[in-house]
Amino acid sequence: MPDFKVASWNINSVRLRAPSVQKYAAESPADVLMLQEIKCRNGEFPEKALKDAGFPHLMVRGQKGWHGVAIASKHPIEELDCDPFCRNDEARHAGARINGIEFHNFYVPAGGDEPDPEINPRFAHKLDFLERMTAYFAKRKAENPDTPIVIGGDLNIAPHENDVWSHKQLLKVVSHTPVETEGMAKLQDSFDFIDVARAVYPEDEKLYSWWSYRNRDWKKSNRGRRLDHLWVTPALKDAATAHGRDALVIHRHARDWEKPSDHAPVQLTMKL
DNA sequence: ATGGCCGCCCTAGGCGGA
């Protein structure tokens, strides 16, 4: 029963933080690493750094300056050709089949400041993106509910009360508004996804994966949100929860590295 | 609740992040 590890990290510029990716890969090696906000074109991706870090197989979906996702793998990748989910043609999804499991890496739009789709097109785009994800996975479930799938990435929504530092104060803040958390619940229902973090940690335990750059001391103020997620379909539920609390680790110490990303990596260990 | 800081880009102030 070998372990299979998948990590997700919003790296906030992979060129700037290629050394951090290497450091992370060395100390917490994963079979599959899903990166978001690589912020570069395909040809600018630091392939050598990733290959040297133990990931010979790369799937890069980049664009100039913004967004962009990548999947780095120790095992061969079969790239999936599926719906880009994004009506604005932005690079926000990469899907691949690795070792018989599908991996879907998402960078869901942040949504801007104003949580009203009528006046804020960014927020409308976020909700639209979420609906497209939901429709896609509902269709996939109808085709075969036993498909082993891992989806995750920076979903830019903190769904539960204890996924934010203050539920009350964030109810009108984009990332934790009811229309977003309800939309996320529908996405979860679309394939009966298991939110592994909440499956292995009690619901009253605070869990964050992102802390703003704007706090002088992120650890002291600890005003975080859980925006980064790893979910599995029911076919992988037992494998994904077999290690209990150790199955899902938020590597928050990486938030303290020199020139850090504002997101910590999250890592799932499955007992296949 | 606000503002704080980042990284990007036709390199410098504006944009987007969340």
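Start with chain A, coloured by secondary structure: 8 helices and 14 strands are there to be found. The radius of gyration of chain A is 17 Å, close to the 19 Å from the globule rule for 272 residues, so chain A is as compact as a globular protein of that length. Keep in mind that this is a predicted model.

**Stop 1: the whole chain**

Show the C-alpha trace of chain A. Along its principal axes it spans about 45 × 45 × 40 Å. Of the 272 residues in chain A, 46% are buried. Now think about contacts with a separation of 6 or more. Residues 24 or more positions apart account for 67% of them in chain A.

**Stop 2: the nonpolar core**

Hide the surface and look inside. Nonpolar side chains tend to be buried together in soluble globular proteins. The largest nonpolar core here has 74 residues. Select Leu33, Leu35, Ala70, Ile71 and Val196: these have the most contacts inside that core.

Stay on Ala70. Which residues does Ala70 touch, leaving out those up to four places away in sequence? They are Leu35, Ile38, Phe45, Leu58, Met59, Val60, Arg61 and Ala94. Remember Ala94 for the next stop.

**Stop 3: the six-stranded sheet**

Select β5, β6, β7, β8, β12 and β9. These 6 strands form an open sheet, and their order is β5-β6-β7-β8-β12-β9. The pairing is mixed. At the edges stand β5 (78-79) and β9 (194-195). Each has a single partner strand, so one side of each is left without a neighbour in the sheet.

How do strands hold on to each other? They pair through backbone hydrogen bonds, either parallel or antiparallel. Walk across the sheet to see both kinds.

- Select residues 93-98, which are β6. This strand runs antiparallel to β7, and 6 bridges join the two. Ala94 stands opposite Asn105 in β7.
- Look at the link between these strands. β6 and β7 form a hairpin with 2 residues between them. Asn99 in the turn has a positive phi of about 50 degrees.
- Select residues 101-107, which are β7. Of its 7 residues, 6 are buried, so β7 is largely enclosed by the rest of the structure.
- Step from β7 to β8. These strands run parallel and are joined by 6 bridges. His104 stands opposite Ile151 in β8.
- Step from β8 (residues 149-154) to β12 (residues 228-232). The sense is antiparallel, over 5 bridges. Ile151 has Trp231 as its bridge partner in β12.

**Stop 4: Asp228**

Select Asp228, which lies in strand β12. Is Asp228 buried or exposed? It counts as buried, with 26 C-beta neighbours inside 10 Å; 20 would be enough. Leaving out residues up to four places away in sequence, Asp228 touches Ser8, Asn10, Asp154, Ser209, Trp210, His263 and Val266. Then pick Phe137 and draw a line to Asp228. The two are 91 residues apart in sequence, and their C-alpha atoms are 19 Å apart in space.

**Stop 5: three loop residues**

Select Asn156 first. It sits in the loop between β8 and α4 (167-170). Its phi is near 55 degrees, a positive value in a residue other than glycine. Asn156 is buried, with 25 other C-beta atoms within 10 Å.

Go on to Asp192, in the loop between α5 (178-190) and β9. Its phi is also positive, near 50 degrees, and again the residue is other than glycine. Asp192 counts as partly exposed, with 14 C-beta neighbours inside 10 Å.

End with Tyr213. Look for it in the loop between β10 (210-211) and α7 (218-221). Tyr213 is exposed, with 9 other C-beta atoms within 10 Å. Now add Met1. Their C-alpha atoms are separated by 40 Å, and the two residues are 212 residues apart along the chain.

**Stop 6: the DNA strand**

Show DNA strand B and the residues around it. How many residues surround DNA strand B? There are 26, and the closest are Ser13, Gly65, Ala110, Ser175 and Arg214. Colour this surface by class. Near DNA strand B there are 6 nonpolar, 10 polar and 10 charged residues.

Note on methods. Residues numbered from 1 in each chain as written. Chains lettered and ligands numbered in written order. Predicted model: local features only at pLDDT ≥ 70, side-chain atom pairs only at ≥ 80, totals over all residues. Helix = DSSP H or I, 4+ residues; strand = E, 2+ residues; numbered from the N terminus. Rg over C-alpha atoms; globule rule 2.2 N^0.38 Å. Buried ≥ 20, exposed ≤ 12 C-beta atoms within 10 Å, placed from the backbone. Contact = placed C-beta atoms within 7 Å. Near = placed C-beta within 6 Å. Nonpolar A, V, L, I, M, F, W, Y, C, P; charged D, E, K, R; others polar. Core = buried A, V, L, I, M, F, W, Y, C linked by C-beta atoms within 7 Å. Pairing = 2+ DSSP bridges.
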